[in-house]
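Reader: I've got a few "how do you know" questions about this one. Mind walking me through the reasoning?

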Amino acid sequence: MRKIIIDTDPGQDDALALLLALASPDELDILGIVAVAGNVPLHHTLNNARKIVELSGRTDIKIYAGSDRPLRQTLVTAEHVHGATGLDGPDLPEPTHPVETQHGVDFIIDTLRNVTDVTLVTLGPLTDIAKAFQQAPDIISKIREMVMMLGAWRELGNVTPTAEFNAYVDPEAVDIVLNSGANLTLLPLDATHKVQSTQDRLQVLRDMANRTGPQAAIMLKASEAFDIKKFGWDGAPLHDPCTIAYLLKPELFTGRAVNVSVETQSQLTLGMTVVDWYRATDRWPNANFIHDAEAVGFYDLLFERLRRLP
Ligand code: BDR
Ligand code: CA
């Protein structure tokens, strides 16, 4: 049983990641979900996280509000991918699930100080984690593993020619985390682009006999246009669920210990993750960089778990 905190900016693919985690109570003990500004401003990501928890029927899960802006940059959002609310598509009821009064960053710090062996899962910009590391450096060595949807190497960028969205939104936060010494696992575009929600796979979701499957299909249909147009694929990549799938079935993924650094100075390449694949420098390997994923096994897992939800 893994104890996890999920920091997220839903986003339809974040929503699928949350659903996959919420459907896996035998393996994952979700200590809390923190919403952060990213795909859309914080009030939307928070609302969306609450909606997803209610959709899953897991209203035992606590939700916290995290940071409403990056450390230094002006917030960049992705309504052009996810819609004005960040969760355009399904007609989910306005949530009633409460938001905890404690700030998300304080929740992360308190939890890591008081609970052993916690894994941090990040699906959005790293602002909350960087703030927690800055305010309470003692927590860094207590983290079991940080599993992040972050960055890109051979796949280059999705928001700029060289930067992946989560890294681009708050590169200063990425820099703090990459240099923290924490046990880091990255799920970059190199892995997430392997798991595409093809039209056949969306149909499997649509055909599920529960409420969640068809709603998930509607979500992914609403957000796929951007990637399909850009890449000419038969569906959009399912980025964020790779983190949860990695926790549930690491054998679906292949990684390599490398040094990853992030560009924080250049306006041209801001947020670019620089991967020292061939050890061209003496920078120490600070991350397990997942560069491959097995799509069939990934979707088998996702479908099997989502069928368990209401
Ligand atoms: C990441 O950016 C967001 O738009 C997605 O939710 C995902 O976390 C992919 O680059
Ligand atoms: Ca996300």
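Reader: Why does D14 count as buried or exposed, whichever it is?

Author: This is a predicted model, and in it D14 has 0% relative accessibility. Buried means under 20%, so D14 counts as buried.

Reader: And D9, buried or exposed?

Author: Buried: D9 has a relative accessible area of 0%, and the cut-off is under 20%.

Reader: What makes a residue a protein donor of the calcium ion (ligand 2)?

Author: For calcium, a donor is an N, O or S atom within 3.2 Å of the metal. The protein donors here are D9 (OD), D14 (OD), D14 (OD), L123 (O) and D240 (OD), and they lie 2.2 to 2.6 Å from the ion, so they qualify. Along the chain their spacing reads D-x4-D-x108-L-x116-D.

Reader: How do you know whether Q12 is buried or exposed?

Author: Q12 sits in helix α1 (residues 12-22). Its relative accessible area is 0%, so with a limit of under 20% it is buried.

Reader: Which residues is Q12 in contact with, leaving aside neighbours within four places in sequence?

Author: They are H82, G86, L87, D88, M219, L220, A222 and S223. Contact here means heavy atoms within 4.5 Å.

Reader: What makes you call helix α7 mostly covered?

Author: Six of the eight residues in α7 (171-178) are buried. Those are P171, E172, A173, V174, V177 and L178.

Reader: What covers the buried residues of α7?

Author: The cover includes helices α5 (127-135) and α6 (165-169), along with strands β5 (143-149), β6 (184-187) and β10 (260-262).

Key
Residues numbered from 1 in each chain as written. Chains lettered and ligands numbered in written order. Predicted model: local features only at pLDDT ≥ 70, side-chain atom pairs only at ≥ 80, totals over all residues. Heavy atoms only, no water. Donors = N, O, S within 2.8 Å, 3.2 Å for Na, K, Ca; no water. Buried < 20%, exposed > 50% of the residue type's maximum accessible area, 1.4 Å probe, protein only. Helix = DSSP H or I, 4+ residues; strand = E, 2+ residues; numbered from the N terminus.
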